[in-house]
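User: Could you walk me through some of the charged pairs here? I would like to see how each label is earned.

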Amino acid sequence: MLLRALVDGGVLPPDLLGVALPLVWRRHPALPMVQALALTQSVSPPNVPIAGRQLVPFELPVVRQDGLDLPDGWRFTAEGAAGWPRYGGGSSPAREWLGAGEAKLYDLPLVALSLPGLVLDPRPDGDPPQNDPALGLPVQYRYDLPYTDEVHALAQLPRIPKDPRESSPLPDTARPEPPRPLTRADYAAHWRRLAERAALAAADGVTAFARQDGRTVLRHLASVHAWPVSATFALDGYPGELRLDNAAPAPSAPLALTGETALPGIQGDFAGGAGGLRRLPAGAPADSAQYRLTAGSMAAGLAGDAGYTDQRGLVRGASLPATNLIRTPLSHPTAGDVQLTTTRLPLTLGHGTASWRLWFRDLPAQGAAFTKASARSPKAVELDLDGNDPEARSSDYEHRTGYEWRLRPLGDDPDEPAPGLDLFGLRFFPLVLDRVAFSGDGVAAVEVIGRLQLPVAGSDDEQTDLSNCVRLTFSGGGAELRLSAVGIEGDALEWPLAVSAGEAGDAPRLRVGRVALASGGAGLTVEQARLYFHLFQVEWAVGLPPIGFPNPATPPFTLPGANGPDPIVPQRVALGLDMTGGEHTLNLTLAVRIGRPPTGLEALYRFDEGGGTTVHDSSGTGEPLHLNAASAQGMSWGPNGLTLTKPTLIRSGAPAAKLNAAMKASDEISVEAWVEPVSGLLTSGQFNLVTVSSDAEHRNVTVQQRKGLLNSSSVDAWLRTDATNEEGAPDLATPAGSLSASLTHLAYTRSADGRTRIYINGQLKAEQNVGGSLDAWDDRFELALGDEITGGRAWLGTYRMVALYSRALTAEEVSARFGAGPATPPPRPEARPSPPR
């Protein structure tokens with residue numbers, strides 16, 4: 001009643017208890033237990049023994065009634081009036097202790113001190129046989145105890161010493177604040193850090209109880225065999241007891257773990273069978289499938305003629321040495337048979353005039369080859385573990401990953417830190433021994449994946465944050481192999497030309513799409529290379545010709561758009577690669593224009609004459625290039641331009657000299673138009689909007705409306721270069737149906753790098769490369785609108801504006817021109833002064 005009154009009065013919110021469930025800290029009433037990592041402390045190291053480590057947090061339940069969160073069955077008891085109250089109702093582990101969703105927390109159990117191996121874990125591994133009646137937590141047994149604190153102390157990660165040159169406190173700097181006590185707001189973040197550290201220090205295959213085929217079993221005792229058990233816990237009195245026995249129908253052979261007998265752990269004589277392991281009673285007769293298990297031991301026993309088997313189930317035979325290789329047979333019940341292969345002497349891997357040495361130990365070969373993929377266990381694949389682990393112990397993470405290998409320069413000390421290997425002047429850092437093919441007592445092929453880097457002054461380290469991996473293939477026989485192939489692993493190679501404090505940052509960089517071994521194996525050739533650099537807060541990208549190593553030659557080259565209209569334009573780049581000192585150079589030539597930049601506008605037609613047979617050039621560039629029709633028939637003038645209602649040719653009557661000369665000089669062109677195609681009158685075919693040509697087979701440039709069936713139209717453009725035929729093929733066309741019968745803005749552009757594009761209403765609709773230059777243009781060709789010079793391509797519709805430029809409009813300019821509308825003319829060039837009188 002009091003809580004409801006406070007809520008009704010606005011003193012407390014109605015969801016007060018539900019938002020932050022009350023916590024009660026509990027300990028086990030009968031057994032001394034501590035947290036494997038201290039939830040209740042923030043001091044270091046995490047395994048400091050304090051009394052608070054006996055306590056773990058539980059949430060009190062809350063029920064929603066009539067829009068109000070209320071306590072659900074809370075009950076507190078005390079022994080006498082002076083006794084401390086104890087909670088006696090229902091509860092569940094605190095959400096901060098468990099975590100939720102993707103942030104679930106593990107490895108934060110309660111550990112029994114008097115019964116080593118016993119844990120109460122709110123998120124247990126495996127499938128515990130029962131819950132503890134006192135706290136309601138799942139009961140599990142772990143093989144890494146009673147040394148839990150020792151293991152988890154590893155979770156206290158070493159501190160990285162600070163370089164005093166980077167930061168040194170001033171004499172008057174205040175002392176750092178000590179860790180503050182934990183509060184409710186800190187629990188979740190603090191316990192998450194503990195769980196992460198515990199995961200780093202966790203051992204493999206230590207959780208005992210699980211369920212198989214509806215039975216409780218103990219795992220990880222011997223090989224892949226499980227022990228079906230009947231487990232009984234007595235946890236209501238000190239020191240506690242765990243009693244294990246064979247599950248029916250096997251004969252009884254109990255094992256009691258309590259007091260000092262719990263210290264050795266689970267051990268004894270066992271025998272295998274179809275139903276799993278069974279424990280043998282004392283004095284049992286010898287059994288052909290007998291195991292002698294000693295807790296914590298890797299002891300091996302003779303397994304007939306196959307070799308020796310250990311408690312993991314690995315059967316290892318005698319090693320067979322030969323001249324170049326040592327092979328040891330190894331088998332496992334689930335992983336199969338392999339030959340652990342070791343080099344007696346290092347292999348020689350040659351390339352060019354240099355050589356490396358490769359040595360490996362216990363490489364798990366299957367058949368005549370080793371592959372890294374075949375040596376990964378299902379667990380390693382599941383967890384995406386990419387490196388081999390010479391300290392592998394659990395069959396879950398696979399004994400086959402316990403191999404070692406070294407790749408070093410010839411004559412180098414293998415115990416020194418691995419340097420970047422020289423590969424035709426580049427630096428190679430080995431990462432993965434991916435494949436080894438064997439032939440008899442020798443090696444036929446080796447494939448190694450590693451980072452291939454351009455040497456850079458100020459940094460000899462691996463550039464781990466860039467895409468730079470390649471696969472090297474060496475082929476040969478015996479112990480002598482030579483580099484036979486090089487390929488990129490991934491999309492491309494990224495090579496910075498400079499670093500600052502070890503970081504590439506915005507430094508210029510090369511991006512390489514292909515790398516190959518040069519003819520004769522004397523070097524490398526990189527192709528599909530592009531140079532990226534930042535200038536004026538814009539990233540520029542330039543394609544490069546193939547580059548050869550170890551002696552790269554990069555002649556200067558002109559950038560696309562070098563003749564652009566911007567006030568500052570990068571024009572020419574000279575790249576110098578210094579393979580000795582890594583002092584690479586990039587010389588850039590800029591064009592700086594003062595005054596109003598040129599627009600590139602060469603001819604402009606506004607169609608605002610209102611009558612007559614002449615369309616005037618109002619560009620203001622050079623001699624006007626006016627156009628005339630032979631007759632006014634079929635020409636309908638209005639306030640919105642000129643409409644052609646019948647076949648009409650409007651032509652210059654003489655060569656379009658200023659257009660031809662300007663386009664050839666710039667090697668670029670743009671044709672812009674506002675038009676409204678007629679609807680329903682044109683049959684299927686091609687109809688000229690704008691053309692510079694003499695006939696349909698001989699043209700400099702032509703922009704057409706191509707009409708298909710069912711009134712479906714598109715834009716088609718033909719451009720003559722010295723790499724096309726005289727007709728301008730191959731043409732560039734937009735998709736069918738992309739041109740409508742409404743007023744439309746069209747733009748066709750071609751830049752000096754050969755890229756041609758068609759835009760409709762500001763949107764890019766088609767693009768391709770047209771190589772060659774415009775030097776192939778014929779100076780005799782006329783400019784015409786509405787039809788081909790020789791007829792047969794008559795277009796019907798309305799012209800609002802047509803403009804021709806001696807440069808390629810950018811996508812931004814096309815979009816701006818579309819947004820400006822047909823009534824806004826393009827910028828005209830600056831007025832030219834009259835000649836002196």
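**Salt bridges, step by step**

Analyst: Let's begin with R780, which is exposed at a relative accessible area of 62%. This is a predicted model, where local features need pLDDT of at least 70, side-chain atom pairs count only at pLDDT 80 or more, and totals for chains, interfaces and linings use all residues. Residues are numbered from 1 along each chain as its sequence is written, and side-chain values use heavy atoms, with hydrogens and water left out.

User: Why is R780 called exposed?

Analyst: Exposed means over 50% relative accessible area, buried under 20%, and partly exposed in between (1.4 Å probe, protein chains only). R780 has 62%, so the label exposed fits.

User: What makes D778 and R780 a salt bridge?

Analyst: A salt bridge is a side-chain nitrogen of Lys or Arg within 4 Å of a carboxyl oxygen of Asp or Glu. The closest N and O atoms of D778 and R780 are 2.7 Å apart, so the pair qualifies.

User: How do you know that R511 forms a salt bridge with E494?

Analyst: Their closest N and O atoms are 3.5 Å apart, which is within 4 Å, so the name applies. R511 lies in strand β37 (residues 509-517) and E494 in strand β36 (residues 493-496), so the pair ties together parts 17 residues apart in sequence. Strands (E, at least two residues) are DSSP runs, numbered from the N terminus.

User: Why is E494 called buried, and R511 partly exposed?

Analyst: E494 has 17%, which is under 20%, so it is buried. R511 has 32%, between 20% and 50%, so it counts as partly exposed.

How values were computed:
Helices (H or I, at least four residues) and strands (E, at least two) are DSSP runs, numbered from the N terminus.
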